[in-house]
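Reader: I am new to structures of this kind, and I would like to learn how to read the places where chains and helices meet. Could you take me through them step by step?

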Amino acid sequence: MIAKLELRDLHKRFDDVEAVKGLSLTLAEGEFLSLLGPSGCGKSTTLAMIVGFLQPDEGDILIDGRSILQVAPQRRRIGLVFQDYAIFTRLSVRANLAFGLEAQGVARGERKRRVADFAEQLHLTHLLSRAGASLNMGEMQAVALARVLITEPKLLLLDEPMSNLDAADRADLRGELKQLQKQLDQTVLYVTHDQVEAMSMSDRIAVMREGLIIQVGSPEEIYRRPANRFVAEFIGDPPINILPCEVLKSGAEISARTACHGDLRLGKAEIDAGEHWLAVRPHVFRAGYEPGEGTTPVEVRFVENFGAEHVLHVEYGDRLVRVVVPPSFAGNLDTVHLGLDLSAVHLIDRSSENTVPRAALGVPA
Amino acid sequence: MTGQGTWVTVVKRAAVVLSMLIAFFPIFWLVSTSFKPFEEWANWPPIWITDNPTLQNYRIVFFPEAAREFAAAQEGSLDYKVSGSAWKAFKDSTIISTLATLCSVAFGTLAAYSIVRFRTGGDNYPFQFLTVRMFPPIAVVVPMVAMFSILRLSDTYWGLILAYTAFTLPFSIWMIRSFIEDVPAELEGAAMVHGMGQFRAFATVTLPLIKGGVLSTALFIFILNWSEFLFALVLTSGDVVTITIQVANYVSASSGKLYGVQAAMGTVSTVPVIVFGYLIQRHLVRGLTFGAIKR
Amino acid sequence: MTALALHGLCKSFEQVLALDDVTCEVADSEFFCVVGPTNAGKSTLLKTIAGLHKPDAGRIDICGRDVTAEQPKDRRVSLLFQNIALFPTLTGYENIAFPLRTAKVPETEVATRVQEVAALLKVEHLLARLPKTFSGGEQQRVAIGRAIVQASDLLMLDEPLTNLDARIRIALRIEFKKLQKESGQSVIYVTHDQVEAMSLSDRIAVLHQGRFQQIGTPDGIYHRPANRFVARFIGTPPMNLMEAELISQADDPVLVASGFRLAVPALRGLACYDSLPRRLAVGVRPEEVRVGPSESEKTPLAGEVFWIERLGSKSVLDARLGDATIKAVVGPDHVVSREGPAWFGFDPKPHYLLDLQSEEFFR
């Protein structure tokens, strides 16, 4: 089956900075794919090339199997919603929704009908007569979204559309966007720096760094099997803990020693003995009141209380490490006994910064 | 690019060239005429560039003897009596325009600050202020003359300075207001929270940032003052002579129609304005607030 | 001693009431968060405390002193603005040194202090440069440096992390906490992100439309919200609130809705039990909703999951239970892992019953 969107080996350079360095990606029809990366990684540049505001120096962009590089932006049938609300504040909400249809040459009667139907689908009917400028930010973004979706674009591009919204509005809009996308079977490319957004809505995530895609996979894959240190640190809230460790080999089996834990049997892995990293998610640590097998006492420096869970910041060697505990775990403790679930830790090679797969206890990594 | 695109470009370029020609023609004519000898001043068909350039006109402007010589040489055709040298006109204009500009900009800045930060006078005040300036000044000439004579301001430096300040103040306020608006109140707030009083915060933080805007406003006001004729004419009677008056003096019953001399004086009087503009050029730096403010 | 006491503070702009009878106290060395949606009045509150706005009514006491009539420069407070407001023509060094120089502190002391602060915030490399060359995070840190370089009675921070990438936000958040604990500085921290507020504060005040909805510790606000707004604002995902009818069946109180019918004997313990109305709303936190693949004693209620958000360490299930839409939080390896029918269960708590008229929880 032909991919809806294909990016082939895109390159883009600004003066002496290479913003995009050979980026390739495919999007299937109806797929929600997030381009996730820190500010300045080239994701917005990539989006600009897909829309047509920029021409790539090398490479090709294909929609439905045909190159669109020579097609003018307004002919590409791509919808774009970005950070700074693209609604016309001088028009009413109704006029905003009708705008794209009018541009496409849809007859007035048909326009009215489609606007009314769509507004109902998005629960925007009560806003139809309001002036664009009178809406709050959450409403503006919802209308911006509707204005684009009503024209049934081949591809919907979103560039950090929720950055200017309150945290509460963001959660609401995420749900609405996702439901809408599923209903309309709309192909979506979503650009963001917020991994929660990417994890929450995407069928697949492409993690980007300095102009290159580091890893593509489902949210679960990216979370459980990050390709390298960067991805491991980028995905997950609270962020993963990176612990320096010493790896010892006996035959094919390896074991690791960290500042507070010794003799961690990690199974079989292709890695040299020496100094490396152990990546441990805050949920993978186990905290208890009493000492147990493989636990070490550590001091609690801070507690973050999030209601549904607590995050302890404990002293681990020369650094602080985050440990998630359930709210029933009594607060105000100075010392806890810390253990870890070895099946869920990641071993990271210090020189390549890649995660090293391990076959532990007969269970494949 | 298709052929269509090229045609559009040609038309656009032609339009630009045409407007430039129209805009610069008067200046060209002025400079050209200033070098023409007496016979060629009012020639028809017009002589675009003279074949006999002369500095006679400039000499008449600057040197009283040259003026007298000229007047004597014209005996018989018309009784020319050329008024004294133009030095006094340059001096008077400089004093009046400079001081009037300073006053206008100083008061304008203070008023604009008050309007922007404290919303003095309400939201429509700046616009109301500007509408005052929209009626033709000639309508107030008579009351102005009367007022000035009562106040003993006629034919004095300060009289004209006051009049110019009053008439350019709406422009000052209007222009400087927009520059102050570009500077967020939080910058002054930060200075105040960290120990400065309001006015000191304004002077230390905001003023340097609007420096370029204030200077360009000053240039604009200066040009208005420098080229003002109507009030210079009615509010003075000889003790004070501005450049504009002096130029007018070269076309009169006693002087005759000394177009060439007028052109010379006109050319010379553009020099201070150009110099002023050049001097402040490096202060007109935009984008100073880039990166320090988040919007 | 209290660092700050506000009594009945009111402030209007034109016709809009920005602050409505705001009263609270901040203890010495306390980390006090004011949290609320945009335009709730948070920035106005900080600017009024700093003296940049004059309140229409009310009193402000800082360290026991009535400062309501005093100029900003006399109040000994420090304010970090939402839009940072670094002086663009001054270098990083000069920006941080600004409060000290204005106070005429000798230059040698200024230099020491600025170096200390710069080392703490890791901005030494920015001291000689102008703000326009800084990245967003760097601007933020220099602005923080300027706010903390001079000891003040009260440090006020207006959404200092809002403009930063999610990752930098999480990293800087804990730095704030560390700084505050080590210095013992009294802090008022304003944000729209309740996760930040919960993470950082000793006490939280929830602000909505200019009024404090509730003031309390993170635990207190989370487990005993005062009204619908607080219950839905604090906690991610927000608390589920389902409308139900309270009927009496054989002397036992029973809550009935289109999606459930639950006996709740514990309800009789409520002080106002006898005066409870017939229609009310039942609140359940998403992590307290039990989910199972089939009907069981723990999960007796039939529903349908229409969306699963897989967030790595947990999954959020969006489901329909009768007429109501609810969210439930389960572990990443939970047996219910696809959309479709599922079974739910929860235990309504007496203090999570909402009065539909007043929008407040019954106590």
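**Reading contacts between chains and helices**

Author: In this predicted model, 32 residues of chain C are in contact with 33 residues of chain A. On chain C, the elements that each give two or more residues to this side are α5 (166-183), α6 (194-200), α7 (218-223) and β16 (301-310), and the largest share, five residues, comes from α5(C).

Reader: How many nonpolar, polar and charged residues does the side of chain C that touches chain A have?

Author: That side has 14 nonpolar, eight polar and 10 charged residues. Where chain C meets chain B, the contact takes 26 residues from chain C and 22 residues from chain B, and the side of chain C involved has 16 nonpolar, seven polar and three charged residues.

Reader: How do the axes of helix α2 and helix α3 of chain A cross?

Author: Two packed helices are described by the angle between their axes and the distance between the axes. Here the axes of α2 (residues 93-104) and α3 (residues 108-121) of chain A come within 10 Å and cross at roughly 125°, which makes α2(A) oblique to α3(A). The crossing of α2(A) and α3(A) is right-handed.

Reader: Which residues of α2(A) and α3(A) make the contact?

Author: From α2(A) come A:R94, A:L97, A:A98, A:L101 and A:E102, while α3(A) brings A:R111, A:R114, A:V115, A:F118 and A:A119. By class, the residues of this contact divide into six nonpolar, no polar and four charged. As a general idea, an α-helix has 3.6 residues a turn, so residues three or four places apart point the same way.

Key
Residues numbered from 1 in each chain as written. Chains lettered and ligands numbered in written order. Predicted model: local features only at pLDDT ≥ 70, side-chain atom pairs only at ≥ 80, totals over all residues. Contact = placed C-beta atoms within 7 Å. Helix = DSSP H or I, 4+ residues; strand = E, 2+ residues; numbered from the N terminus. Nonpolar A, V, L, I, M, F, W, Y, C, P; charged D, E, K, R; others polar. Axes fitted to C-alpha atoms, helices over the stretch in contact; angles between N-to-C directions. Parallel < 35°, antiparallel > 145°, perpendicular 65-115°, else oblique. Left-handed = near helix turned anticlockwise from the far one by under 90°.
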